[in-house]
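Here are my notes on this one, written as numbered points so you can go through them with the model open.

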Amino acid sequence: QFLQHCRSRKASIILQWKIFRPNRTLHRAGLPATLSNQGRRALVRKVTKNPMVTLTELQNSSVEMGEPSRRTTISAVLHQSGLYGRVARRKPLVSKSHMTAHLEFAKQ
């Protein structure tokens, strides 16, 4: 009787636990994940072995594994693992003529 009229936050939590007994993980909101943890690890393994592999090749391999997914999903998985598709910047050629031209430009 007391809990029904003036319930604090703790009391409501205790009452919910007594009624529902949530001893298992409840469902979360949103769509279920398209890739399992095993599929994620397999993709990361392939990329670390061969960094030049393309997203379409990874997509085909995910279809072969039985977990078809989009290219954006695969890139998001790789980004979460810290793998990005960045290309190194080209280092300029520094020959003697380039060096003198650079110094002349800097003096002006």
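1. Let me start with a histidine. H79 comes out as partly exposed, since its relative accessible area is 40%, between the 20% and 50% cut-offs. H79 belongs to helix α5. Its C-alpha lies 9.9 Å from that of V44, although the two residues are 35 positions apart in sequence. Do keep in mind that this is a predicted model.

2. Now the overall layout. The protein has six helices and zero strands, so reading along the sequence you get α-α-α-α-α-α. Of its 108 residues, 15% are buried. As for the contacts with a separation of 6 or more, 44% of them link residues 24 or more positions apart.

3. Next, the core. The largest nonpolar core has eight residues: L35, L43, V44, V47, L58, I74, V77 and L78. Two helices, α3 (37-49) and α5 (71-80), each supply at least two residues of this core. V44, the partner in the distance I quoted for H79, is one of the core residues.

4. L43 is worth clicking on. Setting aside neighbours within four places in sequence, L43 touches L35, L58, I74 and L78, and also S61 and M65. L35, L58, I74 and L78 are listed with L43 in the core.

5. On to helix pairs, beginning with α3 and α4. Their axes come within 11 Å and cross at roughly 140°. That angle makes α3 oblique to α4, and the crossing is right-handed. On the α3 side the contact uses G39, A42, L43, K46 and V47, which meet L58, S61 and M65 of α4. Sorted by class, the residues of this contact are five nonpolar, two polar and one charged.

6. What is the arrangement of α3 and α5 relative to each other? Their axes come within 10 Å and cross at roughly 75°, and the two helices are therefore roughly perpendicular. Here R40, L43, V44 and V47 of α3 meet I74, V77, L78 and Q80 of α5. The class count for this contact is six nonpolar, one polar and one charged. L43 and V47 take part here and also in the contact of α3 with α4.

7. The remaining pair on my list is α4 with α5. Their axes are 9 Å apart, at an angle of about 100°, so these helices are roughly perpendicular too. From α4 the contact draws on L55, T56, L58, Q59 and S62, and from α5 on R71, I74, S75 and L78. By class that gives four nonpolar, four polar and one charged.

8. One more residue from that contact: is S62 buried or exposed? S62 sits in helix α4 (residues 55-65) and counts as buried because its relative accessibility is 0%, with the cut-off for buried being under 20%. Leaving out residues up to four places away in sequence, S62 touches E67, P68, S69 and I74. I74 is also a member of the largest nonpolar core and one of the contacts of L43.

9. If you only have a minute, look at I74. I74 is in the core, meets α3 as part of the α3 and α5 contact, and appears on the α5 side of the contact with α4.

Note on methods. Residues numbered from 1 in each chain as written. Predicted model: local features only at pLDDT ≥ 70, side-chain atom pairs only at ≥ 80, totals over all residues. Heavy atoms only, no water. Helix = DSSP H or I, 4+ residues; strand = E, 2+ residues; numbered from the N terminus. Buried < 20%, exposed > 50% of the residue type's maximum accessible area, 1.4 Å probe, protein only. Contact = heavy atoms within 4.5 Å. Core = buried A, V, L, I, M, F, W, Y, C linked by side-chain atoms within 4.5 Å. Axes fitted to C-alpha atoms, helices over the stretch in contact; angles between N-to-C directions. Parallel < 35°, antiparallel > 145°, perpendicular 65-115°, else oblique. Left-handed = near helix turned anticlockwise from the far one by under 90°. Nonpolar A, V, L, I, M, F, W, Y, C, P; charged D, E, K, R; others polar.
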